[in-house]
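Q: Could you take a close look at one part of this model for me, namely the side-chain contacts that involve charges and aromatic rings? I would like the geometry together with the cut-offs behind each term.

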Amino acid sequence: MPTLTQIQEPIRCELERYDEFLVRNFRSESRYASAVMEYIFNTRGKQLRPLIVLLSAALNGSISERSYEAAMFVEMIHTASLVHDDVVDEADLRRGHPAVHTLWGSHTAVLMGDYLFAKSYSLCMERGATDIVSLVTRAIGLVCEGELDQTEQAERLEMTRQIYFDIIYKKTASLICAAATAGALSAGASDTAMAQMKLYGDNLGIAFQIKDDILDYTPNAKTGKRSCNDLRERKITLPLLHVLEHASETERKTLLDRLRNIHNEPRNVDVLYDAVLAGGGLEEADRTMRTYCEQARRALDIFPESPARKALLDLCDYIAERDR
């Protein structure tokens, strides 16, 4: 499996310039805001979305100041949503580090998320990047819809395959698609190239979320423990959905009753986990995820060979094989 460092290599210098661009443009006169921002920047994750923006720009022409603006907008919108999510979910950790609200309180975390939203918009509008703002803003609306739809399903427990894929497209794939498309847009790509980059982002984003759903059932490589947080939050993701689809009416009702009562009966987590394993839910989800990865690869067939194209292809393998 290619490493993230290897995937980043074709644009390593540009990524360094992007980091400088980010720090330079997110300075604040408020020492308090600056301290929180510095912490957020220092605990960022893999930064896949800005990486996709810049690789897409490189594939479709060259990385420019507009590409940095697009990468910044996509990343900061995503980061702001995570800061807010941790408050809503009452999650103490984010990527192994204390969440912002854990250190500074929910009030500061909500305001900081709002600040990142507002600052990102302001910077792009001041620079005239209205086309990028328009493209990414559509994705933000979809992300919110997806989270709301998932919340409703956790109450109703009426998940179907169509609803599941609609939710994961909205909550995850839409922003990854925006990253791939915004990068191409920043480089002046043709309509055909833009359409193929959208196709790439759509499929890669769906694969990314399915892989996340699989990993929730998978023992952590470091701790040896599975989290099953989705089950604890009564979320029906693809591994369990596959089992429910192939269960008898009586078995399905029993499993859903277990899930419905999971807050009162924590041991139901183990029962449902065992049902997913026995029913081949993880294997089926993995097969589906790899199908979407392959469709993402095919979307790049129209582009000539280049280091950026290879990196985007390798990113498909990285997402399929990652363990966290």
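A: Here is a walk through the salt bridges, the ring pairs and two unusual backbone angles.

A word on conventions: this is a predicted model, in which local features need pLDDT of at least 70 and side-chain atom pairs count only at pLDDT 80 or more, while totals for chains, interfaces and linings use all residues. Residues are numbered from 1 along each chain as its sequence is written, and side-chain values use heavy atoms, with hydrogens and water left out.

Let's start with Arg 44, which forms a salt bridge with Glu 75, with 3.0 Å between the closest N and O atoms (a salt bridge is a side-chain nitrogen of Lys or Arg within 4 Å of a carboxyl oxygen of Asp or Glu). This pair links distant parts of the chain, 31 residues apart: Arg 44 is in the loop between helix 3 and helix 4, and Glu 75 is in helix 5, residues 65–89. Helices here are DSSP runs of H or I with at least four residues, numbered from the N terminus. Arg 44 and Glu 75 are both buried (buried means under 20% relative accessible area, exposed over 50%, and partly exposed in between, with a 1.4 Å probe and protein chains only).

Arg 44 has an aromatic contact as well: its charged end sits over the ring of Phe 41, 5.5 Å from the centre. For that label, NZ of Lys or CZ of Arg must be within 6 Å of the ring centre and within 35 degrees of the ring normal. Elsewhere, Arg 322 lies over the face of Phe 208, 4.1 Å from the ring centre.

Now for the ring pairs, of which the whole structure has 8. Rings of Phe, Tyr and Trp (its six-membered ring) pair if their centres lie within 6.5 Å; planes under 30 degrees apart count as stacked, over 60 as edge-to-face and the rest as tilted. Phe 21 and Tyr 68 are a tilted pair, because their planes are at 35 degrees, with the centres 5.9 Å apart. Phe 21 in helix 2 (residues 12–25) and Tyr 68 in helix 5 are 47 residues apart. Phe 21 counts as buried at 1% relative accessibility, and so does Tyr 68 at 8%. Phe 26 and Phe 41 form an edge-to-face pair, with 5.9 Å centre to centre and 75 degrees between the planes. Ring pairs also join Tyr 18, Phe 21 and Tyr 68 into a cluster.

Back to the charges: the structure holds 29 salt bridges. One of them joins Glu 155 and Arg 234, at 3.9 Å from N to O. Glu 155 lies in helix 8 (residues 130–156) and Arg 234 in the loop between helix 11 and helix 12, so this pair ties together parts that are 79 residues apart in sequence. Glu 155 is exposed at 58% relative accessibility, whereas Arg 234 is buried at 11%. Glu 245 and Arg 161 also meet in a salt bridge, at 2.8 Å from N to O. A network of salt bridges links Glu 145, Asp 149, Asp 166 and Lys 170.

Finally, the backbone. Most residues other than glycine have a negative phi. Arg 234, however, has a positive phi of about 60 degrees. Gln 47 also has a positive phi, near 60 degrees, and lies in the loop between helix 3 (31–42) and helix 4 (48–59). Gln 47 is partly exposed, at 26% relative accessibility.

Conventions: Helix = DSSP H or I, 4+ residues; strand = E, 2+ residues; numbered from the N terminus.
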